[in-house]
Amino acid sequence: MHIGILIFPAVTQLDATGPAQVLARTPGATMHMIWKTRDPVKTDAGFSIVPTTTFADCPQLDVICIPGGAGQIDLMTDAETLAFVAAQGAKARYVTSVCTGSLVLGAAGLLKGYKSACHWASRDLLAAFGAIPVAERVVHDRNRFSGGGVTAGIDFGLTLLAELAGEEVAKSVQLGLEYDPQPPFQSGSPEKAGPDRTARVRAQMEKMIARRQEANARAAARVA
């Protein structure tokens, strides 16, 4: 089984490394961290991830996963990346995403008519690709699996692992990772954070969201 996670400049590293930490434990699976070259890719956290394979060398994937992050915006108009995602997604057993990576799947024409999660601040943009936005931490629609924002990638990984290898394997991996979240604050979603804090955080993201909206509109016009 070949599991591939796309990485790209300014990827949110936990979107990629959270699922990778889980899915790398799939029995019989080979994990691929994929980009155009094997040069180190700088994440939004300031450190780099070294790809293990390139678009040209990547085998046909059983699972393709697209993470999000600020760098996702540039992917929406990156013909080479969208062609790779579309070609792999057309034949993969499972087409998946975390955070705003779902918008890349949409831009590649892979989400029309499918329910999908996304980061709460950009979830509404999915509709431009004919997808059905769902405000859930993990969304499963046929062979599409998607996680919400950033930390939801771990929940997504365990959900997908249960599909790939069975619930007992997923539960054992969860125990091995000691994934037993007990957040110090109840502020991890707009519903829990409340309207005032949500508005302040959205305002901090305003410039990035505006860029994402513009790129999303251009990508949706091409897919239509």
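## A walk from Asp15 out to the salt bridges

Start by selecting valine 150 and aspartate 15: the backbone nitrogen of valine 150 sits 3.4 Å from a polar atom of the aspartate 15 side chain. Keep in mind as you click around that this is a predicted model.

**Stop 1: around aspartate 15.** Colour helix H1, residues 13–23, and you'll find aspartate 15 in it. Now show what surrounds this residue. Leaving out residues up to four places away in sequence, aspartate 15 touches Pro67, Gly68, Gly69, Val98, Cys99 and Val150. Does aspartate 15 have a salt bridge, or no salt bridge? It has none, although it is buried. Draw a distance to arginine 212, the nearest side chain of opposite charge, and you should get 8.0 Å.

**Stop 2: the sheet.** Switch to cartoon view and look for an open sheet of 7 strands with mixed pairing. Going across, the order is S5-S2-S1-S6-S7-S11-S10. Which strands stand at the edges? Select 53–54 for S5 and 138–141 for S10: each has a single partner strand, so one side of each has no neighbour in the sheet.

Next, pick out residues 63–66 (strand S6) and 94–98 (strand S7). These two run parallel and are joined by 4 bridges. For one residue pair to zoom in on, take isoleucine 64, whose bridge partner in S7 is valine 95.

Then add helix H5, residues 152–165, which packs on the sheet. H5 touches strands S1 (2–6), S6, S7, S10 and S11 (144–147). Compare directions while you're here: that of H5 makes about 165 degrees with that of S7.

**Stop 3: salt bridges.** How many salt bridges does a search of the whole structure find? It finds 7, and a few of them are worth a visit.

Go to lysine 36 and aspartate 78 first. Their closest N and O atoms are 2.7 Å apart, forming a salt bridge. This pair links distant parts of the chain, 42 residues apart. Lysine 36 is in the loop between strand S2 (30–35) and strand S3 (41–42), while aspartate 78 is in the loop between helix H2 (72–75) and helix H3 (79–91). Turn on a surface and check both ends: lysine 36 is partly exposed, at 27% relative accessible area, whereas aspartate 78 is buried, at 14%.

Now jump to arginine 137 and aspartate 155, another salt bridge, with closest N and O atoms 3.0 Å apart. Here too the partners come from distant parts of the chain, 18 residues apart: arginine 137 from the loop between strand S9 (132–133) and S10, aspartate 155 from helix H5. Arginine 137 is partly exposed, with a relative accessible area of 39%.

For a salt bridge inside one helix, select glutamate 167 and lysine 171, where the closest N and O atoms are 2.9 Å apart. Both residues belong to helix H6 (167–176); they are 4 residues apart, and so about one helical turn separates them. Lysine 171 counts as partly exposed, at 46% relative accessibility.

Before you leave the charges, select Lys36, Asp78 and Glu80 together: salt bridges that share partners join them into one network.

**Last stop: glutamate 214.** Scroll along to helix H9, residues 206–223, and pick glutamate 214. Is it buried or partly exposed? Glutamate 214 is partly exposed, with a relative accessible area of 49%. Finish with a C-alpha distance from glutamate 214 to isoleucine 73: it comes to 9.0 Å, though the two are 141 residues apart along the chain.

How values were computed: Residues are numbered from 1 along each chain as its sequence is written. This is a predicted model: local features need pLDDT of at least 70, side-chain atom pairs count only at pLDDT 80 or more; totals for chains, interfaces and linings use all residues. Side-chain values use heavy atoms; hydrogens and water are left out. Buried means under 20% relative accessible area, exposed over 50%, partly exposed in between (1.4 Å probe, protein chains only). Lys and Arg count as positive and Asp and Glu as negative; His and the chain ends are not counted. A salt bridge is a side-chain nitrogen of Lys or Arg within 4 Å of a carboxyl oxygen of Asp or Glu. A polar contact is a pair of N or O atoms within 3.5 Å; within protein, one must be able to donate a hydrogen and the other to accept it, and residues adjacent in sequence count only if both atoms are side-chain atoms. Contact means heavy atoms within 4.5 Å. Two strands pair if DSSP finds at least two bridges between them. Axes are lines fitted to C-alpha atoms, for helices over the stretch in contact, and angles run from 0 to 180 degrees between N-to-C directions.
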